[in-house]
Amino acid sequence: MYTRTAFLNKRKCVGKEFDVKPEIFFLLPFDSKSGRSWDSNEVKMSVELDVFVGNTTIMDEEVYQLWLDGYTVNDAVSIRMKSGILEQFGTTEDVLESDTMDHYRTFQMTERLLHHPSKLVNQVLFQIPPHRQAMLIERYYAFDEAFVREVLGKKLSKGTKKDLDDVSAKTGITLKSCRRQFDNFKRVFKVVEEMKGPLVENVQCNFLLSDKLARDYAAIVFFANSRFETGKKKLQYLTFEDFAFCACQLIQNWTVGAVDNMVEDMDVDLDKEFLQDLKDLKILITDKDMLDQHKSLVCTGLRGKIQVFNEMEGNFKNLSRGLINIAAKLTNTKDVRDFFIDLVEKVIEPCKADRWLISDVRAFLTQYTNSARALDGFKHQAVWERYMCVIKSCILKMYHD
Amino acid sequence: MPGKLKVKICAGRHLPVMDRASDLTDAFVEVKFSNTTFKTEVYPKSLNPQWNSEWFKFEVDDEDLQDEPLQITVLDHDTYSANDAIGKVYIDIDPLLCSEAATVICGWFPIYDTIHGIRGEINVSVKVDLFNDLNRFRQSSCGVKFFCSTSIPKCYKAVVVHGFVEELVVNEDPEYQWIDRIRTPRASNEARQRLISLMSGELQRKIGLKVLEMGGNAVVGYLQCFDLEGESGLVVRAIGTACTLDKISNTSAAQLPACNSPSKEIKESPPVHPTSHGCRSTHNSPIHTASGSRLTQSFSVSVPTLIYTGMGSGGSAGKDGGHLKTLLRQQTQSALEQREFPFFTLTSFPLGFLIHAGGVVSARSVKLLDRIHNPDEPETRDAWWEEIRQEIKSHAKALGCHAVVGYSESTSICEEVCILSASGTAAVLNPKFLQDGCLDCYSENRLSRQPTFFSTGSEKGEFDFFLQSKDSSSMLGLEDTSPPSCGFCHIPYDELNMPFPAHLTYCCNCRRQKVPDVLFTTIDLPIEAAVTGKGCLIQARLCRLKKKAQGEANATAISNLLPFMEYELHTQLMNKLKLRGMNALFGLRIQISVGENMLVGLASATGVYLTALPAPGGIQIAGKTPSDIAYEQHISNIQKKINDTISRNKELYEIHPLEISEEVIGSPIPEPRQRSRLLRSHSESSDEVSELDLSHGKKDAFVLEIDDADAVEDILSLLTDAPLPTGFYSCNTENMPGIHNWTSSIQMFTTVRVFRLNNVNVTNQGLNKCFNDLCENLLKSLYFKLRSMIPCCICHLNFTVAVPEDELIQVAATAVAMTFDKDQSQEILKSNTAPMKAISENEEQLQFPMELSSDSPSVQTFPPSKGTGLLENASPQTIQGTSRATSVDYSSFADRCNSWIELIKLKAQTIRRGSIKTTPSLDKASPLAEGHLRLRSTPSCTDSTVTVVKMTPLSFIPGAKIIKYLGIINMFFIRETTSLREEGGVSGFLHTFIAEVFAMVRAHVAALGGNAVISYIMKECVFMENSNKNQAQCLINVSGDAVILIRESEQEGVPIQTHGSTNQTPQSGGAPVS
């Protein structure tokens, strides 16, 4: 004899069902059994099931942020409570918990769509107004400064992912949030790595991000691809923004795309020919005459114009050697990785030691670049300009405490 | 060969990966209709296949066209084994069969699978060529339009309202067939989805046939439900109101001004007043100079029978009124009685249709289910409903009413016990609107106004309703002489021969007719009704334990409990109403659900202060044993709390009725003018009651007597309803009394909660407290969730309770939150004379009840502070306080039970419980129905290039105008899972499922070319789980009307033809089409 719940009793292994794994995985402890309960006189009552679904999906930005930050439902509830929301709306913890759960579920269901933002726009399951969609995407792909500094330039591999708990411990960012951010980097990287066309635009088209965020991702992808070292102690004072700026300069001037804009990997890889050509600049330090001439031109130009003239004069050869050596070594992948360390060690630190002002640095670099043109026998003007304009902007960006 | 169905499969997108090796899918599509199947080519290795198939053509009977859904199955081709089904789409092609609805269905449909949910979408185009012309259908009823909304659809006018149609079909439930032992649950669920789809189609066709027989062309207020009776089968039943609708095509000049404001139109043609007949007009003068044109209505009102007995000590109504009333009743009855059931599922009506509302009538009956032996002859179920309807009809008669409006039916099933319920509002309808026969006799008769007038005409007893036109308005009958703002409150029965003792007073509005002190109805508040302040949602909640039992014993136990439950629910409603300082309930819905060991009752209604009804008294607590000082103290504390609550509520809902000069009701707590008793104790007879009443003389405070601990509890529980957070209002009706200036932002939502009672030894009291808490909590949650919309009103907030298992209570609600402009509302209330600019429509709406009720300009001089006050100009007329008391007469139940049992000892074991009559009245008129869309709100709906589909349980969307109805949406889904935990537990599972249902509804509407669903309801949500096995299953049934909306602002630019007509014609162009 069947009962109303017959379906449950007779359920068997589902035939030849191709068992696609469930599309939504709930990682959080959504154990409904341990849900809210309360005593009411002698009767105990617990909430077994509790859902709220709006035709237009309701999303609270605050809760979204808590979710993105990787807080569990319970943590999120207590954080929200501290904000005084209970008093403000005269409600109870139960209500807050139920609301938070609803939001968390919604976000979890949206998450797989957020992995492919273009799907979010075409999906039918949630009716979300366009500006909300943009907000969801933007915030989902936003990252923490502290986190990105840890990961920037590292290989986006499983190995790195395994180390995320260290990153989490170090930065105080929840592991869940670290994973999300890492996965975002990796996902963007994989999608745009092999694409033709400008990197920023590719990121923007595929992930529907704002300009600013797309540029940041371009930098992250660029750094990850060339594996620039950013984690050394000497580089700790630099912000992500500094690196992003430099990346942008590098992408615009030193990649293949700077010359030809329809090549694969155009923006991701440095222009090999250019790197090769940089070797020719060595003449500036190997040719004694040229070095002296260069020095005197710079000194003439700067006399009376910078406070640290003497220090500059004394240090010119070292600085010039440092700059040119960096250029000459860039054909080695290993040295490319050390690009920023070299800049700091060879240029920025010596200048800082002599208490150069940033205006002094600017004046020097300008003069240094321009004077080379006037050198007899220096025939690499184009390469020189292409090299120095990036170096100059990078150093100026990085020249701070 | 009456029809050719053409289907084209264009493309798919977002398909799931079916082949893990390639991470791709080789998809093809099977298109099946009736017994014919076509297939597309396999589109290999793609998740976004482009089939671009030819047009598949099915040549089919129109009968099949109506019954069968189009089945589209998407499969993954597999060379070596059977093809895997990815999912299905069922398309109801009914909208294509009606020329005025959609012409093509074309769009992206979610591919749905009962286990995996939505798996990508498929683009399909469907067309139908109908070969035959309209008159040839006999088996089929193609072309009959169906509407879920319970008011006349906006772009139509009702030429004739034919009346009640009902039908039911039964079948075996596939889940309980023998084959179900060997097939997968998935196959079984798909069979159920298919079957219900088929049965719905068949049912709709059969109803359509009945409508055609009656000469109609549409069903309004169509409500289809299914009963899962388990082993005994599956019943799909539907009720509705057959109408002849005319698409409004406006040409008349009169409509032009009306486009701006419906209310203006009303001003221009005050249908009612001065021209009417001599005998009435005499009433104009002496008393109300100010409101000269209000004519008397000799009807008075009623109160819930069960609960109250009142002393009818008020002055008697005019004799002539009584006489005329009798006359009227004869006329209309003769017309109505030719119909088997003079029932209307509508809840709002064209202006002037409803004359009086007599009160709520309801009937319940407990049945034992047995197997349906012959699905082709569903007589048993038919007979059951027939009995219920008969009872409703007789109750209505007892209330002096010839019709029932706002009628609905429902069931609650637990194992083999089934409670059938029906309820409605007894009403007197306008003979002008009820006239049988054709236009000719209408015009003839309206001139001569002969009593015989109504007996002419067709045998069918149809009602023609003529929406107000200028010429007809002057001809309106006697009944119309009462001002529309209060007429519906007047009692329909003979005061000297009341069906039950009631407490009557003169109408505070017109001063001529009797009204009851309290009015309960199941319909919406008529738009023309004069209301003071704002309305609010009132719920009564109750649980009763029941012993587990089987069969007849169980049924007996349940039927014994029912009257007590109804009584208590009414008591609670009444007390809560008083506590809010209100005097009428609209949209009353009482639901009683049966579980194995308990019964749960939930009554929801929208409370309102009707200006026409007397101010409610306060609540006074009386202790039984005044010996103890501490006890006295306690009592007075409670009393104080209650008084505070009442005055707070009056502030909250802005209830500041105009005072009648003589009697000071002004203080927040009314002076006890007359006292009546609500006697809680069980044994008290009505005799005692009246004695007590007499002894108390004229006091109108409501006395709650505390005679035991229970009573204290009950009283305290009254006070536990949490106050509404600032900025929130709620109601369960279509219109929120007192709020008119909607802005365009809406948020429809569905919420479901299931609670488990953990304690085995529960008492009724503990259980009640629990249930109460959970409802309150749910409300609190809603307020919190929707806080960003403040100021807003949650409309159509109806809870549905079920007891799915032992110790489980499920509460579900689908409602809409709509924002409104707060400042404006206040402004309007404060000064109704102030010129308003942009949104003057709102104001006009607010004003027009007054304007209707008063011809003379003097009325306009009402003190501005009293929003809708109609009274204060009245000369100090004494309203006789009459004492009211309450009692329950259970004996009548018993009698009915006995006789019933004797009568029906047939196949099915049935036990019948007596029914309950409650009273109130109401009337709904067209300005509301026609006008409110445009009245509400102004600004923006966000424009998006994506098809945004709005959904609402109401029949309108603020700030937008419905320009076309595309057909009914009626969808049934089953979802199951064998990986409950992985999908987020029960909540995650249901959350996903509800979101999927919304998505599928939206997709179907968009494919029909629409951009909104109105009158959306979730009729069924049956959830079952087995956490131990990691399994769950849920069935959801939803319905609504697909429509095309345009924004109000756009509309102004649109040629007037499209929209102006909608508002206007119903009122002005009433000429019936013959």
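The questions and answers below go through a predicted model, with the reasons for the terms used.

User: Why is Phe586(B) called buried?

Analyst: Buried means under 20% relative accessible area. Phe586(B) has 1% relative accessibility, so it counts as buried. This residue is found in strand β22 of chain B, residues 584-594. The C-alpha atom of Phe586(B) is separated by 10 Å from that of Asn735(B), 149 residues apart along the chain.

User: What share of chain B counts as buried?

Analyst: Of its 1074 residues, 67% count as buried. Chain B has 22 helices and 37 strands. Among its contacts with a separation of 6 or more, 80% are between residues 24 or more positions apart.

User: What makes a group of residues a nonpolar core, and how many residues does the largest one have?

Analyst: The members must be buried residues of the nonpolar kinds such as Val, Leu and Ile, joined through side-chain atoms within 4.5 Å. The largest core has 305 residues, and Leu70(B) and Ile122(B) have the most contacts inside it. Helix α20 of chain B, residues 985-1007, gives the largest share of this core, 13 residues. A second, separate core has 29 residues, including Val361(B) and Tyr407(B). In soluble globular proteins, nonpolar side chains tend to be buried together.

User: Which residues does Leu70(B) contact, leaving aside its neighbours within four places in sequence?

Analyst: Its contacts include Leu5(B), Val7(B), Phe33(B), Phe58(B), Tyr90(B), Ile91(B) and Val126(B). Lys32(B) is also one of them.

User: How do you know that strand β16 of chain B is mostly covered?

Analyst: The cut-off for buried is under 20% relative accessible area, and 13 of the 13 residues of β16(B), residues 417-429, are buried.

User: What makes β16(B) a partner of β14(B) and of β15(B)?

Analyst: Two strands pair if there are at least two bridges between them. Strand β14 (residues 354-368) and β16(B) have 13 bridges, in the antiparallel sense. Strand β15 (residues 403-414) and β16(B) have ten, also antiparallel. The conclusion is that β16(B) pairs with β14(B) and with β15(B). Ser423(B) in β16(B) stands opposite Ser362(B), and Ser423(B) is the bridge partner of Ser408(B) as well. In the hairpin of β15(B) and β16(B), with two residues between the strands, Glu415(B) takes a positive phi near 50 degrees.

User: Why are β34 and β35 of chain B called edge strands?

Analyst: In the open four-stranded sheet of order β34-β36-β37-β35, β34(B) and β35(B) each pair on one side only. The pairing in this sheet is mixed. β34(B) pairs with β36(B), residues 1012-1026, in the parallel sense over two bridges, and that number satisfies the rule of at least two. Met951(B) stands opposite Val1013(B) in β36(B).

User: Which helices lie against this sheet?

Analyst: Helix α2 of chain B, residues 185-214, packs on the sheet and touches β35(B) and β37(B). Helix α20(B) lies across β34, β35, β36 and β37 of chain B, at about 145 degrees to β35(B).

User: What does α20(B) do with helix α5 of chain A?

Analyst: The two helices pack at an angle of about 65 degrees, with their axes 11 Å apart. Asp102(A), Arg105(A), Thr106(A) and Met109(A) meet Ser987(B), Gly988(B), His991(B) and Thr992(B). By kind, these residues divide into one nonpolar, five polar and two charged.

Terms used:
Residues numbered from 1 in each chain as written. Chains lettered and ligands numbered in written order. Predicted model: local features only at pLDDT ≥ 70, side-chain atom pairs only at ≥ 80, totals over all residues. Heavy atoms only, no water. Buried < 20%, exposed > 50% of the residue type's maximum accessible area, 1.4 Å probe, protein only. Contact = heavy atoms within 4.5 Å. Axes fitted to C-alpha atoms, helices over the stretch in contact; angles between N-to-C directions. Nonpolar A, V, L, I, M, F, W, Y, C, P; charged D, E, K, R; others polar.
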